[in-house]
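Dear colleague,

Please find below the structure that I am handing over to you. A summary of the findings follows it.

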Amino acid sequence: MKYRTMLLVGAPGAGKGTQGKILGAIPNFYHVSTGDLFRNLAPESELGRIYLDYSSRGELVPDEPAIRLWRQHLATATHEGRFDPAADILVLDGIPRNANQARMLSESLEVRLILYLSCSDMNKMVLRLQRRALRESRLDDANTTVIRKRLDVFDAENKPVLDFYGPDPLRAIDALQTPFRVLRDILQAVEERFG
Ligand code: ADP
(Lines give C-alpha, C1' and ligand atoms only; values in the text may rest on other atoms or scores of the structure.)
Protein backbone atom coordinates (compact mmCIF):
# COMPACT_ATOMS: atom_id res chain seq x y z
CA MET A 1 0.00 0.00 0.00
CA LYS A 2 1.23 3.48 -0.86
CA TYR A 3 0.83 6.39 1.56
CA ARG A 4 -1.37 9.27 0.34
CA THR A 5 1.17 12.05 0.52
CA MET A 6 1.73 15.77 0.18
CA LEU A 7 5.22 17.25 0.13
CA LEU A 8 6.42 20.57 1.51
CA VAL A 9 9.37 21.73 -0.57
CA GLY A 10 11.30 24.95 -0.12
CA ALA A 11 14.66 26.50 0.65
CA PRO A 12 15.88 26.53 4.25
CA GLY A 13 13.90 29.28 5.96
CA ALA A 14 10.96 29.13 3.53
CA GLY A 15 8.58 28.00 6.28
CA LYS A 16 8.17 24.25 5.71
CA GLY A 17 8.45 23.46 9.41
CA THR A 18 6.10 26.26 10.53
CA GLN A 19 3.40 25.24 8.06
CA GLY A 20 3.99 21.49 8.48
CA LYS A 21 3.38 21.74 12.24
CA ILE A 22 0.10 23.60 11.67
CA LEU A 23 -1.08 21.03 9.11
CA GLY A 24 -0.05 18.20 11.42
CA ALA A 25 -2.40 19.57 14.09
CA ILE A 26 -5.42 18.92 11.82
CA PRO A 27 -7.02 15.49 12.37
CA ASN A 28 -6.12 13.00 9.60
CA PHE A 29 -2.96 14.87 8.60
CA TYR A 30 0.28 13.37 9.86
CA HIS A 31 3.37 15.59 9.66
CA VAL A 32 6.91 14.24 9.53
CA SER A 33 9.95 16.54 9.47
CA THR A 34 13.17 14.62 8.85
CA GLY A 35 15.13 17.61 10.18
CA ASP A 36 13.27 17.20 13.52
CA LEU A 37 13.88 13.43 13.50
CA PHE A 38 17.62 14.06 13.13
CA ARG A 39 17.68 16.81 15.77
CA ASN A 40 15.94 14.50 18.25
CA LEU A 41 18.63 11.80 17.96
CA ALA A 42 21.06 11.37 20.83
CA PRO A 43 24.23 13.20 19.69
CA GLU A 44 26.40 10.26 20.79
CA SER A 45 24.41 7.66 18.80
CA GLU A 46 25.90 6.51 15.50
CA LEU A 47 23.32 8.30 13.37
CA GLY A 48 23.40 11.34 15.67
CA ARG A 49 27.13 11.64 15.03
CA ILE A 50 26.64 11.27 11.26
CA TYR A 51 23.94 13.97 11.36
CA LEU A 52 26.12 16.44 13.30
CA ASP A 53 29.02 15.80 10.95
CA TYR A 54 27.05 16.51 7.74
CA SER A 55 24.63 19.20 8.96
CA SER A 56 27.38 21.29 10.55
CA ARG A 57 28.85 21.58 7.02
CA GLY A 58 25.42 22.36 5.53
CA GLU A 59 25.34 19.03 3.69
CA LEU A 60 22.70 16.32 3.44
CA VAL A 61 23.01 13.13 5.44
CA PRO A 62 23.62 10.18 3.03
CA ASP A 63 20.41 8.81 1.51
CA GLU A 64 20.41 5.32 2.95
CA PRO A 65 20.47 6.24 6.68
CA ALA A 66 18.09 9.18 6.06
CA ILE A 67 15.48 6.92 4.46
CA ARG A 68 15.99 4.25 7.13
CA LEU A 69 15.34 6.77 9.93
CA TRP A 70 12.17 7.92 8.19
CA ARG A 71 10.90 4.35 7.67
CA GLN A 72 11.57 3.45 11.31
CA HIS A 73 9.70 6.53 12.51
CA LEU A 74 6.63 5.76 10.37
CA ALA A 75 6.63 2.10 11.43
CA THR A 76 6.66 3.14 15.10
CA ALA A 77 3.98 5.82 14.60
CA THR A 78 1.77 3.28 12.80
CA HIS A 79 2.34 0.65 15.46
CA GLU A 80 1.49 3.11 18.24
CA GLY A 81 -1.64 4.31 16.43
CA ARG A 82 -0.47 7.91 15.93
CA PHE A 83 -0.48 7.45 12.15
CA ASP A 84 -3.20 5.55 10.30
CA PRO A 85 -2.01 4.90 6.71
CA ALA A 86 -5.53 4.02 5.57
CA ALA A 87 -7.13 7.25 6.79
CA ASP A 88 -4.39 9.86 7.10
CA ILE A 89 -2.64 12.13 4.64
CA LEU A 90 1.09 12.11 5.16
CA VAL A 91 2.64 15.60 5.17
CA LEU A 92 6.36 15.28 4.43
CA ASP A 93 8.79 18.07 5.23
CA GLY A 94 12.44 17.53 4.30
CA ILE A 95 12.06 14.25 2.45
CA PRO A 96 12.56 13.23 -0.35
CA ARG A 97 15.47 15.63 -0.37
CA ASN A 98 16.97 14.71 -3.76
CA ALA A 99 16.01 12.75 -6.87
CA ASN A 100 17.62 9.56 -5.58
CA GLN A 101 15.55 9.66 -2.38
CA ALA A 102 12.43 10.24 -4.53
CA ARG A 103 13.31 7.07 -6.47
CA MET A 104 13.96 5.12 -3.26
CA LEU A 105 10.51 6.15 -1.97
CA SER A 106 8.58 5.63 -5.21
CA GLU A 107 7.13 2.29 -4.03
CA SER A 108 5.98 3.82 -0.73
CA LEU A 109 4.51 7.21 -1.68
CA GLU A 110 1.56 8.29 -3.77
CA VAL A 111 2.47 11.98 -4.09
CA ARG A 112 -0.80 13.82 -4.71
CA LEU A 113 0.30 17.38 -3.93
CA ILE A 114 3.62 19.23 -3.81
CA LEU A 115 3.54 22.60 -2.10
CA TYR A 116 6.55 24.52 -3.30
CA LEU A 117 7.21 27.43 -0.92
CA SER A 118 9.04 29.56 -3.41
CA CYS A 119 11.15 32.59 -2.63
CA SER A 120 12.48 35.15 -5.07
CA ASP A 121 14.87 36.81 -2.60
CA MET A 122 17.35 34.47 -0.96
CA ASN A 123 18.73 37.25 1.25
CA LYS A 124 15.38 37.21 3.06
CA MET A 125 15.86 33.49 3.74
CA VAL A 126 19.32 34.19 5.18
CA LEU A 127 17.82 36.77 7.56
CA ARG A 128 15.09 34.36 8.67
CA LEU A 129 17.68 31.66 9.37
CA GLN A 130 19.84 34.03 11.38
CA ARG A 131 16.84 34.92 13.53
CA ARG A 132 16.02 31.22 13.96
CA ALA A 133 19.60 30.49 15.03
CA LEU A 134 19.06 32.67 18.09
CA ARG A 135 15.56 31.45 18.90
CA GLU A 136 16.08 27.71 18.43
CA SER A 137 19.85 27.39 19.01
CA ARG A 138 20.36 25.66 15.68
CA LEU A 139 24.05 25.24 14.95
CA ASP A 140 23.48 24.96 11.19
CA ASP A 141 21.72 28.35 11.16
CA ALA A 142 24.39 30.24 13.08
CA ASN A 143 27.05 30.57 10.42
CA THR A 144 26.56 32.43 7.13
CA THR A 145 28.92 30.14 5.19
CA VAL A 146 26.89 27.09 6.27
CA ILE A 147 23.63 28.89 5.41
CA ARG A 148 24.90 29.73 1.91
CA LYS A 149 26.00 26.13 1.46
CA ARG A 150 22.50 24.89 2.43
CA LEU A 151 20.89 27.28 -0.04
CA ASP A 152 23.24 25.95 -2.77
CA VAL A 153 22.43 22.35 -1.78
CA PHE A 154 18.74 23.22 -2.06
CA ASP A 155 19.18 24.44 -5.66
CA ALA A 156 21.41 21.56 -6.73
CA GLU A 157 19.74 18.61 -4.95
CA ASN A 158 16.29 19.45 -3.62
CA LYS A 159 14.86 21.33 -6.62
CA PRO A 160 15.29 18.32 -8.99
CA VAL A 161 12.68 16.55 -6.82
CA LEU A 162 10.11 18.87 -8.44
CA ASP A 163 11.12 17.57 -11.91
CA PHE A 164 10.95 13.97 -10.69
CA TYR A 165 7.20 14.26 -9.99
CA GLY A 166 6.36 16.47 -13.01
CA PRO A 167 3.95 19.41 -13.19
CA ASP A 168 0.65 17.73 -12.21
CA PRO A 169 0.93 17.70 -8.37
CA LEU A 170 2.88 20.98 -8.19
CA ARG A 171 1.51 24.17 -6.56
CA ALA A 172 3.84 27.13 -6.06
CA ILE A 173 3.18 29.38 -3.07
CA ASP A 174 4.89 32.70 -2.36
CA ALA A 175 6.94 32.04 0.79
CA LEU A 176 7.57 35.76 1.39
CA GLN A 177 3.97 36.37 2.42
CA THR A 178 2.98 36.37 6.09
CA PRO A 179 2.64 32.89 7.65
CA PHE A 180 -1.12 33.48 7.80
CA ARG A 181 -1.36 34.09 4.03
CA VAL A 182 0.98 31.19 3.22
CA LEU A 183 -1.33 28.97 5.28
CA ARG A 184 -4.40 30.31 3.47
CA ASP A 185 -2.84 29.44 0.07
CA ILE A 186 -1.79 26.01 1.33
CA LEU A 187 -5.27 25.20 2.63
CA GLN A 188 -6.80 26.28 -0.67
CA ALA A 189 -4.46 23.94 -2.59
CA VAL A 190 -5.15 21.09 -0.14
CA GLU A 191 -8.89 21.55 -0.52
CA GLU A 192 -8.62 21.49 -4.32
CA ARG A 193 -6.57 18.28 -4.24
CA PHE A 194 -8.05 16.30 -1.39
CA GLY A 195 -11.51 17.94 -1.11
P1 ADP B 1 16.37 23.28 6.52
O2 ADP B 1 15.41 22.96 5.43
O3 ADP B 1 16.05 24.52 7.27
O4 ADP B 1 17.81 23.23 6.08
P5 ADP B 1 15.84 20.73 7.92
O6 ADP B 1 15.43 20.78 9.35
O7 ADP B 1 14.87 20.23 6.92
O8 ADP B 1 16.33 22.21 7.65
O9 ADP B 1 17.18 19.86 7.78
C10 ADP B 1 18.33 20.12 8.56
C11 ADP B 1 19.46 19.18 8.11
O12 ADP B 1 19.06 17.80 8.35
C13 ADP B 1 19.78 19.22 6.62
O14 ADP B 1 20.68 20.25 6.30
C15 ADP B 1 20.40 17.83 6.42
O16 ADP B 1 21.73 17.77 6.87
C17 ADP B 1 19.56 16.96 7.33
N18 ADP B 1 18.42 16.32 6.61
C19 ADP B 1 17.09 16.56 6.81
N20 ADP B 1 16.35 15.79 6.00
C21 ADP B 1 17.20 15.04 5.25
C22 ADP B 1 17.05 14.05 4.24
N23 ADP B 1 15.85 13.66 3.80
N24 ADP B 1 18.17 13.53 3.69
C25 ADP B 1 19.38 13.90 4.10
N26 ADP B 1 19.60 14.82 5.05
C27 ADP B 1 18.53 15.39 5.63
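A polar contact is a pair of N or O atoms within 3.5 Å. Please also bear in mind that this is a predicted model.

**The ligand and its contacts**

Three arginine side chains may serve as your starting point. In Arg132, a side-chain N or O atom is 2.8 Å from an oxygen atom of the ligand. The corresponding distance is 3.0 Å for the side chain of Arg150 and 3.3 Å for that of Arg138. Taken alone, the ligand exposes 550 Å², and the protein buries 97% of that area.

The shell around the ligand consists of 20 residues, and the closest are Lys16, Thr34, Glu59, Gln101 and Arg132. By class, the shell divides into eight charged, seven nonpolar and five polar residues. Two elements give two or more residues to this shell, namely helix 2 (34–39) and helix 3 (46–55). Helix 2 gives the most, with four residues.

**The largest pocket**

Which pocket does the ligand take up? The space taken by the ligand is the largest pocket, and the volume of this pocket is about 1,100 Å³. Its lining comprises 47 residues, of which Pro12, Gly13, Lys16, Arg132 and Arg138 lie nearest the centre of the pocket. Several helices give two or more residues to this lining: helix 1 (16–24), helix 2, helix 3, helix 6 (122–136), helix 7 (144–158) and helix 9 (179–194). Helix 6 gives the most to the lining of the pocket, with six residues, whereas helix 2 gives the most to the shell around the ligand. By class, the lining of the largest pocket has 16 charged, 16 polar and 15 nonpolar residues.

Lys16 and Arg132 deserve your attention when you view the model. Both are listed among the residues closest to the ligand, and both are also named among those nearest the centre of the largest pocket.

**The cavity**

How many cavities of 30 Å³ or more does the model contain? The count comes to one, and the volume of this cavity is about 50 Å³. The residues that line the cavity are Leu7, Leu8, Val9, Gly10, Lys16, Gly94, Ile95, Pro96, Arg97 and Asn158. Strand 1 (residues 3–10) provides the largest share of this lining, with four residues. By class, the cavity lining has five nonpolar, three polar and two charged residues. Lys16 is one of the residues lining this cavity, and Lys16 is also named in the lining of the largest pocket.

**Two features of the backbone**

Most residues other than glycine have a negative phi, and most peptide bonds are trans. Two places in the model may be read against that background. The peptide bond from Ile95 to Pro96 is cis, with omega near -5°. Pro96 lies in the loop between strand 3 (89–93) and helix 5 (99–104), and both Ile95 and Pro96 belong to the lining of the cavity described above. The second place is Asn28, which has a positive phi of about 75° although it is not a glycine. Asn28 is found in the loop between helix 1 and strand 2 (29–33).

With kind regards

Note on methods:
Residues are numbered from 1 along each chain as its sequence is written. This is a predicted model: local features need pLDDT of at least 70, side-chain atom pairs count only at pLDDT 80 or more; totals for chains, interfaces and linings use all residues. Side-chain values use heavy atoms; hydrogens and water are left out. A residue is near a molecule or strand if one of its heavy atoms lies within 4 Å of it. A polar contact is a pair of N or O atoms within 3.5 Å; within protein, one must be able to donate a hydrogen and the other to accept it, and residues adjacent in sequence count only if both atoms are side-chain atoms. Accessible areas come from the Shrake-Rupley method with a 1.4 Å probe; for residues, only the protein chains shown count as cover. On a 1 Å grid over the protein atoms alone, a cavity is a set of points where a 1.4 Å probe fits but cannot get out, and a pocket is an open set with protein on both sides within 12 Å along at least five of seven lines; lining residues have an atom within 4 Å of a point. A molecule sits in a cavity or pocket if more than half of its atoms lie within 2 Å of its grid points. Ala, Val, Leu, Ile, Met, Phe, Trp, Tyr, Cys and Pro count as nonpolar, Asp, Glu, Lys and Arg as charged, and the others, Gly among them, as polar. Grid points are joined across faces, edges and corners, and a volume is the space filled by probe spheres set on the points.
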